[in-house]
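Trainee: Got a minute to go through this model with me?
Mentor: Yes, put it up.
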Amino acid sequence: MSESSNHPSARPIPVLEVFGPTIQGEGMAIGRKTMFVRTAGCDYRCSWCDSKFTWDGSAKDEIRMLSADEIVTELFSIGGDTFDHVTISGGNPLLLPQIALLTQRLHEKNIRIAVETQGSRWQDWLVRIDEVTLSPKPPSSGMETDFEALDDIVSRLREASGRRDLCIKIVIFDEDDLTYARGVHKRYPDIPFILQTGNPQVSHESDDHVASLLNRYEWLIGRLSEFADLKDARALPQLHTLVWGNKRGV
Ligand SMILES: C[S@@+](CC[C@H](N)C(=O)[O-])C[C@H]1O[C@@H](n2cnc3c(N)ncnc32)[C@H](O)[C@@H]1O
Ligand SMILES: Nc1nc2[nH]cc(C(=O)O)c2c(=O)[nH]1
Ligand code: SF4
Ligand SMILES: [Mg+2]
């Protein structure tokens, strides 16, 4: 691939956060030590998004346009020799073709790469990601899933050579979300499937935040236990939110 300065993969990447080491707080790799790179910009506007600052303009002054090499340098200056895993989230990282070069640079350093995306957009670099989490959005988000786009992403990943982990993770707030999630699991029955507790309080902190999240998690476990079509599903909380609440950069 050409790396000349006008090639898309050489463009700088809009970055809002580089942090870690911390734990992956969600999904299949929950608890796994990782660094995070959070990109700016999203094609969705989820009502309950816990990272609205990536797209609502409130953090626009904090966006840095960084090259792949600058991001790698920053990851190692913060994380030193303590990590071997980087999670790229956002916003939607799949808006950015130039992440191709970042994945190349990280793999050259034997770093394992995970990506979080809602599954609305494709980039060719996705086939080189070691752990892909697709998180299509249920009705409570106010977004509508483009199942053609999601089908296309799933089939391209299935056809691509090489080993990678793939899972589907759906945030659940209510019964309509559960109905939606069951439909998604039925559509892709062979993809590991996770129901994630929704955090309804993303803008401020209250004394009973953890207790109320645990109540929601208990409700989700109860509902999961009842469905014959969810025998192989998992229910998980956001572990980082239980530990740190809505704090950024953890
Ligand atoms: C902030 S998003 C960024 C990546 C990508 N845009 C996506 O939605 O998958 C990362 C993960 O956080 C989840 N998330 C966002 N807001 C949440 C909330 N209020 N409660 C629980 N999970 C949430 C998303 O569903 C997604 O799985
Ligand atoms: N610790 C931690 N785990 C996470 N897993 C997914 C996150 C995200 O915002 O994409 C996230 C995050 O922001 N922090
Ligand atoms: S898709 Fe992800 S980043 Fe975008 S608004 Fe929804 S939760 Fe937030
Ligand atoms: Mg988060």
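Mentor: We can take the sheet, then a helix, then the surface.
Trainee: Anything to know beforehand?
Mentor: It is a predicted model, where local features need pLDDT of at least 70, side-chain atom pairs count only at pLDDT 80 or more, and totals for chains, interfaces and linings use all residues. Residues are numbered from 1 along each chain as its sequence is written, and side-chain values use heavy atoms, with hydrogens and water left out.
Trainee: What's the strand order in the open sheet?
Mentor: Nine strands run E3-E1-E2-E4-E5-E6-E7-E8-E9, with mixed pairing. Strands are DSSP runs of E with at least two residues, helices are runs of H or I with at least four, both numbered from the N terminus; two strands pair if DSSP finds at least two bridges between them.
Trainee: Which strands stand at the edges?
Mentor: E3 (64-66) and E9 (234-236); each has a single partner strand, so one side of each lacks a neighbour in the sheet.
Trainee: How do E5 and E6 run?
Mentor: Parallel, joined by four bridges. Glu116 stands opposite Thr133 in E6.
Trainee: New topic. Where is Asn110, and is it buried or exposed?
Mentor: Asn110 is in the loop between helix H2 (99-108) and strand E5 (112-117). Its relative accessibility is 67%, so Asn110 counts as exposed. Buried means under 20% relative accessible area, exposed over 50%, partly exposed in between (1.4 Å probe, protein chains only).
Trainee: And Val243?
Mentor: Val243 is in helix H6 (residues 239-244), and it counts as exposed because its relative accessibility is 53%.

Notes
Chains lettered and ligands numbered in written order.
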